[in-house]
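Please open the model in your viewer and keep the sequence panel beside it, since each stop of this tour begins with something to select.

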Amino acid sequence: NANYTTSVKCGDDSEDTREFYGGQLDAGDSRTVAFTNAMKTGGFTVSKTVAGDDANQQQYFTFKVRLTGASGTFNVKYYQDGVEITDAATAVQPSTITASSGGQSTLIQLKHGQSFTVEGLPVTATYSVEEKKVAGYTPTLNKGGVDSTDPAVPDTQIVENTTPVYAYTNTHGAAAVTTDTTDTTTSRTPTTGLEGSTGMMFVILMCISAGIIFSISRLTKAEE
C-alpha cells in the first residue's frame with residue numbers, strides 16, 4: 001500500500017525496511033518474522049501577523065479548521081514568536097483537533113506573532129482552513145510564497161514528511177482592493193492623444209480662412 005512504510009524484523013536481527021524476508025533455518029530452528037506497517041504522515045502550520053496603523057496586536061483572530069479522511073484526534077502545538085507555548089490549553093486554543101466525516105470544524109484563535117502546527121496526520125487526510133473576517137482589517141494569505149487576498153485554504157491533501165506554512169497577515173486600515181469590470185459608459189473609439197491638437201488646428205485654420213475672406217471682401221468693396 002502506497003500510504004504505508006513497511007519494515008521487517010527477524011528474531012534478534014536489526015529492523016530492515018525491506019518488504020520481504022528470506023533466510024535458511026537449521027534443523028529444529030525457528031524464528032519469528034515481524035512485519036510492521038506504519039502510515040505515512042505529514043502536517044501543516046498556520047501563522048498570524050497583525051500590522052497597520054492602530055492595529056491591536058492583542059486581538060485574537062478566529063480560524064475554522066476542518067480535517068477529514070482520518071479518524072481520531074491529533075495534537076495541536078502553539079508557538080509565540082517561534083517559542084512553543086506550554087501553558088494549559090484554552091477554549092480559543094484547544095490542544096487537539098478531531099477528524100470529522102460530517103464536515104464539523106474546530107475553532108482556533110491566534111493573535112500577532114502566534115502560530116499553530118498539526119503534525120502526525122495520515123496522508124489519507126485532507127484539511128481546510130478559513131479565517132473569519134474582522135471589520136477594519138484586510139487579510140492576506142501567503143501560500144508557498146504567493147500572496148492571496150482570499151483568506152481560505154481549500155481542501156488540501158496531506159503530503160508525507162512535509163509541513164507547509166500558511167502565513168496570514170491582517171492589516172488594519174488597509175482598503176480592500178476591488179475591481180469593477182463592468183463598463184457603463186457609451187462605447188467609443190479609444191483616444192490616441194492627438195484629438196486635442198487636431199481640433200485646435202481646425203479652429204486655427206477656420207480663423208485664418210475667415211480672415212482671408214474678410215480681407216478679400218474689403219478689397220473688393222474698395223475697388224468698387
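Is F63 buried or exposed? Select F63 and show its surroundings: this residue is buried, with a relative accessible area of 0%, where buried means under 20% relative accessible area, exposed over 50% and partly exposed in between, computed with a 1.4 Å probe on protein chains only.

Before going on, note that this is a predicted model, in which local features need pLDDT of at least 70 and side-chain atom pairs count only at pLDDT 80 or more, while totals for chains, interfaces and linings use all residues. Residues are numbered from 1 along each chain as its sequence is written, and side-chain values use heavy atoms, with hydrogens and water left out.

**The open sheet**

Next, select the strands β8, β4, β10 and β13, which in that order form an open sheet of 4 strands with antiparallel pairing. Strands here are DSSP runs of E with at least two residues, numbered from the N terminus, and two strands pair if DSSP finds at least two bridges between them. The strands β8 (106–110) and β13 (152–157) stand at the edges, each with a single partner strand, so one side of each is left without a neighbour in the sheet. On average, neighbouring strands of this sheet are turned by 20 degrees against each other, direction ignored, the axes being lines fitted to C-alpha atoms.

Now keep only β4 (residues 61–68) and β10 (residues 126–131) on display, and follow the 6 bridges over which they pair in the antiparallel sense. Along this pairing, F63 has E131 as its bridge partner in β10, and T68 stands opposite T126 in that strand. Adding β13 to the view brings in the antiparallel pairing of β10 and β13, which runs over 4 bridges, and here the bridge partner of T126 is Q157. Of the 6 residues of β10, 5 are buried, so this strand is largely enclosed by the rest of the structure.

**The aromatic rings**

Show the side chains of F44, F63, Y78, F116, Y127, Y166 and Y168, which ring pairs link into a cluster. The structure holds 7 aromatic pairs; rings of Phe, Tyr and Trp (its six-membered ring) pair if their centres lie within 6.5 Å, and planes under 30 degrees apart count as stacked, over 60 as edge-to-face and the rest as tilted. One of these pairs is F63 with F116, an edge-to-face arrangement at 6.5 Å centre to centre with 70 degrees between the planes. This pair links distant parts of the chain, as F63 lies in strand β4 and F116 in strand β9 (residues 114–122), 53 residues apart. F116 is buried, with a relative accessible area of 0%.

Turn then to Y127 and Y166, whose ring centres are 6.1 Å apart and whose planes stand at 65 degrees, so that the pair is edge-to-face. Y127 belongs to strand β10 and Y166 to strand β14 (residues 165–172), so the pair ties together parts that are 39 residues apart in sequence. Y127 counts as buried at 1% relative accessibility, and Y166 is buried at 8%.

**The nonpolar core**

Which residues touch the most other members of the largest nonpolar core? Select F44, V46 and F116, which do so among the 24 residues of that core, a nonpolar core being a set of buried Ala, Val, Leu, Ile, Met, Phe, Trp, Tyr and Cys residues joined through side-chain atoms within 4.5 Å. At least two residues of this core come from each of β3 (41–52), β4, β5 (73–80), β8, β9, β10 and β14. Around F44, leaving aside its neighbours within four places in sequence, the contacts include V65, F116, Y127, I158 and Y166, where contact means heavy atoms within 4.5 Å.

**Last stops**

In strand β3, select S47, which is buried with a relative accessible area of 19%. The C-alpha atoms of S47 and K111 are separated by 9.0 Å, although the two residues are 64 residues apart along the chain. Finally, go to the loop between β3 and β4, where Q58 has its place; Q58 is exposed, with a relative accessible area of 54%.

Conventions. Axes are lines fitted to C-alpha atoms, for helices over the stretch in contact, and angles run from 0 to 180 degrees between N-to-C directions.
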